[in-house]
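Work through the exercises below with the sequence and the 3D view open. Try each task before reading its solution.

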Amino acid sequence: MSGNDGRMLDRRMAIRLSAAAALVAGLFRTGTAWSETPAPDAPFATEIAPGVYAHKGHVALYNPGNEGDISNASFVVGRDSVAVIDTGGSARVGAHLHQAIRSVTQLPIRYVINTHMHPDHVFGNAAFEADQPAFVAHHKMARGLSARAERYIAVNKEAIGEEAFAGTKIVLPTLPVQETMKLDLGDREIVLEPQKTAHTDNDLIVRDSRTGTAFLGDLLFSEHVPTLDGSIVGWAAVLDTLSATPAQRVVPGHGPPSMAWPDAAKPIRHYIQILTDEIRVLLKDDRTLTDAVAVVGRSEKDAWQLFDDYHARNVSAAFAELEWE
Amino acid sequence: MIHVERRSVKVVAALAMAFAVAAGGWISANAADADEDIWPALQKDLFGDRAVVEDPAAVVLEAPYRAEDAALVPLVVRIPAAVASSVKKLSLVIDKNPAPLVADFTFGPAAGKGERTLETRVRVDMYSNVRAIVETEDGTLHMATKFVKAAGGCSAPALKDTDAALADAGKMQIKLLADGGGQREAQLKIRHPQYSGLQLNQATGYYIPAKFLRVIDVQRGGDRVFRMEGGISLSENPNIRFTYAGGSDETLKVVAEDTDGRTFTGTAAPKGS
Ligand SMILES: [Zn+2]
């Protein structure tokens, strides 16, 4: 974890606190299903800045062993209420997040914010319905998720199994964000910044003004190879603009729960540029999609996890976009 | 839901069935019968009692075994010169797709007599055999088959940016690629969202209506290269590379029509002509 300013809980302290909480809230992941969990007594979420907690999801595909816990999820505690940023990839993961919140505070959960439409970031929403929060997202998120919902459910239910998937359903946004807006958690301002098409066509950046923490969702990948479901040209532009905007720390959608900014952007920005440059060269020579998938970006292979699962698809998507330049 | 294949009651029934399955849980319902060989029934629907014979001397199909993006699976069809001049029609079929007939390409005189290639991108909805079937002038049917592993190409929207896709619909680019003495080669790209009609809008509970290119007609100097009649299995922003014969008038003209009855046209001529 980098970019820490010394206010993070001492690890032993964190373990003791969360151990106590877990006895009450059943916070810990136990049993064989959690075999990939790094340490059996690690807290679900780490306090990366005062009142800001982030959970690191597994860098993995949906599988029965991780129950859909494959993306980062966070929450911010204000004087009067709590905001959740992304909810994990199943109702069960959402419930773990809910318990983690309740181990820290009993304040009402007023806002559940989704950084974009992907199932690993929104499927935990169901675990928060009883709190009756506003479900907040980019104004184009509902359309994107709606069109894909049926397939997201079918594919991911099959990947993690009926039991782990139980209770998971689509919970669409109730508060669409058209332009920059602010939420107040009580003496704590949360700023929401909808972006132009980049990772998807509905990326939303969330900032905690008090600590200068930016939650970038999948605009920032670390460890996990980026996945392109929007515009590669748009993504480069958004990252360039963002890199010029200071932040005390950022939370990526996948990777460590807290990273230093703008250094964290360098590997993904490089990946995007390599793909863009190499595809443009092929297009100039009238080469085909098949050619591109075979050769583009292979130099990045060892820099990322899950490369073989997503890279070729990224090249395919980028090619289909760039051929219209 | 638009039925692309209207000649057959059975195919229409299969489509209706697929539609019903889509409403109830598309992937899992179909995965159950993934091993079932539906080709004999499909063959009967598409070609009646006529024999369809695997014939590598007449047609070769290239397809990736594992499709990286189910919504964008590249296919290449090659018809050797010895056969090309007698080929009337090419049909692309994906057995397990909700509308198995991707498209019929009916060739005209400007398709030429040399080796004929046609390359495009399709949606593959699940693990499926993909077939290229050519009909020669004597009425015989020759087939090449490839198995492709993919999932969800039809029900998953490929659209990365919905607004951009709709705003640019109909924009066309025609590029002349090669004229190395023999067959010419060109690439046709048309912006179109190619809505499959299989995507459920969760908010409204209705399926997003199908909207796709029904016809693409390509002529060189007033002679037909091919006329494509197609459906929802052709990928978003259709992209077709094809060979054709040169002539006194080298102008390529393309007319496309979508299911809303909108017509799009484009032309291209070699530089300096
Ligand atoms: Zn994502």
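**Exercise 1. Charges over rings**

Task: find which ring R116(B) lies over, and at what distance from the ring centre.

Solution. R116(B) lies over the face of F107(B), 4.4 Å from the ring centre. The rule used here is that NZ of Lys or CZ of Arg must be within 6 Å of the ring centre and within 35 degrees of the ring normal. A further case is R131(B), whose charged end sits 4.0 Å from the centre of the W39(B) ring.

Before going on, note that this is a predicted model, in which local features need pLDDT of at least 70, side-chain atom pairs count only at pLDDT 80 or more, and totals for chains, interfaces and linings use all residues. Residues are numbered from 1 along each chain as its sequence is written, chains are lettered from A and ligands numbered from 1 in the order in which they are written, and side-chain values use heavy atoms, with hydrogens and water left out.

**Exercise 2. Aromatic pairs**

Task: classify the pair Y65(B) and F147(B), and say where its two residues lie.

Solution. Step 1 is the rule: rings of Phe, Tyr and Trp (its six-membered ring) pair if their centres lie within 6.5 Å; planes under 30 degrees apart are stacked, over 60 edge-to-face, and the rest tilted. Over all chains, this gives nine aromatic pairs.

Step 2 applies the rule. The ring centres of Y65(B) and F147(B) are 6.2 Å apart and the planes stand at 45 degrees, so the pair is tilted.

Step 3 is location, where helices (H or I, at least four residues) and strands (E, at least two) are DSSP runs numbered from the N terminus. Y65(B) is in the loop between strand 2 (60-62) and strand 3 (73-79) of chain B, and F147(B) is in strand 8 (residues 141-148) of chain B, so the pair ties together parts 82 residues apart in sequence.

Step 4 is accessibility: buried means under 20% relative accessible area, exposed over 50%, and partly exposed in between (1.4 Å probe, protein chains only). Y65(B) is exposed at 52%, and F147(B) is partly exposed at 35%.

Now take F226(B) and F242(B): with 5.2 Å between centres and 85 degrees between planes, this pair is edge-to-face. F226(B) belongs to strand 14 (residues 223-230) and F242(B) to strand 15 (residues 239-244) of chain B, 16 residues apart. F226(B) is buried, with a relative accessible area of 1%, and F242(B) is buried at 1%. These two join F105(B) and Y244(B) in one aromatic cluster.

**Exercise 3. The sheet**

Task: which strands stand at the edges of the nine-stranded open sheet of chain B?

Solution. Two strands pair if DSSP finds at least two bridges between them. In chain B the strand order is 1-8-7-4-5-14-13-16-17, with mixed pairing. Strand 1 (52-54) and strand 17 (263-268) of chain B each have a single partner strand, so one side of each is left without a neighbour in the sheet. Inside the sheet, strand 4 (residues 87-94) and strand 7 (residues 128-136) of chain B pair in the antiparallel sense over seven bridges. In that pairing, L90(B) stands opposite V134(B).

**Exercise 4. A residue of chain A**

Task: is D208(A) buried or exposed, and which side chain makes a polar contact with that of D208(A)?

Solution. D208(A) lies in strand 10 (residues 204-208) of chain A. D208(A) is buried, with a relative accessible area of 1%. The side chains of D208(A) and R188(A) are joined by a polar contact of 2.7 Å. Such a contact is a pair of N or O atoms within 3.5 Å; within protein, one must be able to donate a hydrogen and the other to accept it, and residues adjacent in sequence count only if both atoms are side-chain atoms.
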